[in-house]
Number of protein chains: 2
Amino acid sequence: MSTPPEWVQHAVFYQIFPDRFARSGQVGVHDTVTLKPWGTPPEEQGFQGGDLYGIIQHLDYLQDLGVTALYLNPIFASAANHRYHTYDYYTVDPLLGGNEALQDLLGAAHRRDMRVVLDGVFNHASRGFWPFHHVLENGIDSPYADWFHLHGEPLRPYGPEGEPANYEGWAGLRGLPEFNTDHPPVRDFLFDVATHWIEQGIDGWRLDVPGEIDDADFWRTFRTKVKDVNPDAYLCGEIWTHADRWLQGDQFDGVMNYPLTDSLFGFVAHDTIRGFAHQHFDFTPRTGTQFAEEVLDTLTRYPQAIQHAQLNLLDSHDTPRVLHTLGGSVEALRMAVLFQMTMPGAPCIYYGDEIGLQSAGDPHCREAFPWHNESIWHTGLLAFYQQATALRHEHPVLRTGRVEVLSATERQVVFRRQTAEREALIAFNTADNLATLTVPAPALNHAAYQPVWPPDRTAGLRASDPSVQLPERSAAVWMSPASAS
Amino acid sequence: MSTPPEWVQHAVFYQIFPDRFARSGQVGVHDTVTLKPWGTPPEEQGFQGGDLYGIIQHLDYLQDLGVTALYLNPIFASAANHRYHTYDYYTVDPLLGGNEALQDLLGAAHRRDMRVVLDGVFNHASRGFWPFHHVLENGIDSPYADWFHLHGEPLRPYGPEGEPANYEGWAGLRGLPEFNTDHPPVRDFLFDVATHWIEQGIDGWRLDVPGEIDDADFWRTFRTKVKDVNPDAYLCGEIWTHADRWLQGDQFDGVMNYPLTDSLFGFVAHDTIRGFAHQHFDFTPRTGTQFAEEVLDTLTRYPQAIQHAQLNLLDSHDTPRVLHTLGGSVEALRMAVLFQMTMPGAPCIYYGDEIGLQSAGDPHCREAFPWHNESIWHTGLLAFYQQATALRHEHPVLRTGRVEVLSATERQVVFRRQTAEREALIAFNTADNLATLTVPAPALNHAAYQPVWPPDRTAGLRASDPSVQLPERSAAVWMSPASAS
């Protein structure tokens, strides 16, 4: 049992799909292979040659955006452009620049106090992972046969199409053979991978489909071993639902907070939201009342330390981009981002959202970042993101305060964040007309609140007259005086 | 153009099939996998867990045997117990102890002035080799598609059985995808592997099926790059025939001298030899006259420096064990070994021959060395081997002298080795009865020759009476006085 690392609650994450973020021109291996041109439509599979040096080249950009932590999709050697099919857990993919490039990235990021969290794929490997390759070559006589779940011979790794794989693969896929995590050497192997990279300097693991390893003891041991190396390492599970069983302090520090995302989208984009077929997503309109209830339920079901270590994301490589789901409404997006920046849990920006990319789900959402074509950037949105992250960084109460709902109506909600020193009021109006919100005066601890958002807002809020006007589809934030109350 | 390394002519090689020579108990990985018990019949495929530390443990034994150089069958990561299906050229197989074990072996061997030559498999890789795995996963769109010779999609790496592989594989085998060595990055990769391990301290490469890379420029560049790192590195090609095109000084230092083996067996075991179906082998009886002619033809077709750098072997992992081929005749084996030890070119002992192993061809000849069962060792033969290598080491003329045939009859042959300082006469009688040999006196430069073989022989040879008696199926060696002639 241990609490999540302190730094997470203060972080603003940026998720990068490494093949598609930036190509540095510094990876010698690129000259030896045939890559797709940068900007090839992501509907075409293949590698476009993004690499870790490319990330280093853009750290200024990320720092200007207010980013303080990177979450990278898998970077270990893999034959898939998303690299969830690992073939070598100890080697950063040569196309990404190899192990040296990671060391360079860690050094460059850490010098800026920026953290780097990697994607840990511990449930399954690939057909090229050496023990599985061994099994493919030697069948059940292989020294590594116990590492997987085999069901008869000959194994059918690449077909024929009509017949199912005769080994366990994630989602039944032949390309993703699942580990037998009951086999002690497999556990030792995976724990060694996990601790090896922590020793190499990474700041934590985002854990891919950890629910598939349905074994609390595995994850408890995993946590203990990782935290023994670095108590400040962050462990974030890819759990799409409420995650009570994993968030008791003995397994993960937080999860990808998709339930919050779902509620949020239904509120801010109640009239523009696009459906998305996913077993755990709803994406249906919510009233402010419903939204406020769901938010409190999602946040407060966990101890406060865990609430603050959740990863609050709007989208990822697994979903449509947020602007797509919100039906293209930039106003809804701004409200969603402002919610991220004012609530407990670390906000995570999916690369390119900040310049207005709005593609649909996988594979569309894995497009090359258009460094080559700045004319398509939504620069106003980029400036907004920079201001919104700055707001969060400027006011500790937005990161550490407890959360309450002060009022909730059909289209308006007012939240409060509060610490011993400071109090913030955050109001949303998702209606398509100007609304007058009345904050319940008895709840207010201060006589007056200064406007801090939007940046150009001048109207304060007084307990003696707690009515404020909020334009359509917008949000506002007021802050109690900086002195102790 | 360069001459072969000086050390080769003085070396006695010992060929080791690493999975089957010795298991040290020092490889942690062995506790994580299921190995076959040591001594499992080699007809059963699978890994028995021989490792490089096991070789280190037996260096005393090898030194006592007179061995001064090791030739190891492949040791890089592979899912085949013979490891000719490489999946990682930069990693010594974890089952063998990994890269550290190789460093330890190199250190231990070099401290004893023992060289270590590795098996270089540069014509083909395996289905688990990362660029080929890439191609299997991504088809012709893979960044690595140009690294191989692909003929259509989808690729058929593991079947179906009725249909041929749709890519080039060695001998048409799906498991051994051939490199496209015309592709510059592939050449660079292979050259880098070659020089990397020379830099790591190995003493040369035995080159697997180099004739399949039908490209003199490739091998010239290969030689130049290797010799640039270490001019003393030995390059020995696996060529089963006469090898004129490769032995001009610009490609290999020597080849596996199978033609000599073939002639030798036909002579020493003319009445016991077993046939062996192989495209390049004859294994038919030879008279002494035929044998002598073939030996001179095989040896003297190359410049003397090359003659002395040939690898003179009696068998290998690819053939039946010598004692099998010789029909179980230990007498024939002794003559064959004595021939090896008295002729130009480095003798090579295939592990276990020296204790009388006599199994048939692959897979039988790849059995575990019976450290666990010394009762089956032919200890008399072992002592003979020790004496025979000592003979070679004691007399430089046997390593460096030029070779002549002094007489050849149906069942007897007398050779001479000669330097400016010394002269050796080597006589063979393969008949099954005592023979009187008469060395042609006019050819002799000395009045008297001292017996040096067999160790218990006391009868010398005088130019004035150059008749000697030689027991059935035996050999003898006389040496001119040590002082200058």
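**Reading a predicted model, chain A first**

Modeller: Let's start with the surface: chain A exposes about 16600 Å², and carbon and sulfur atoms supply 47% of that area. Such areas come from the Shrake-Rupley method with a 1.4 Å probe, and for residues only the protein chains shown count as cover. Keep in mind that this is a predicted model, where local features need pLDDT of at least 70, side-chain atom pairs count only at pLDDT 80 or more, and totals for chains, interfaces and linings use all residues. Residues are numbered from 1 along each chain as its sequence is written, chains are lettered from A and ligands numbered from 1 in the order in which they are written, and side-chain values use heavy atoms, leaving out hydrogens and water.

Colleague: What share of the residues of chain A count as buried?

Modeller: Buried means under 20% relative accessible area, exposed over 50%, and partly exposed in between (1.4 Å probe, protein chains only). Of the 485 residues in chain A, 64% are buried.

Colleague: And how many disulfides are there over all chains?

Modeller: A disulfide is a covalent bond between the sulfur atoms of two cysteines. Here it is taken as a pair of cysteine sulfur atoms within 2.5 Å. The count comes to 0 over all chains. Take Cys365(A): the nearest cysteine sulfur belongs to Cys348(A), 13 Å away. Likewise, Cys365(B) is in no disulfide, and the sulfur of Cys348(B) is 13 Å away.

Colleague: Is Cys365(A) buried or exposed?

Modeller: Cys365(A) is buried, with a relative accessible area of 0%. Cys365(B) counts as buried too, at 0% relative accessibility.
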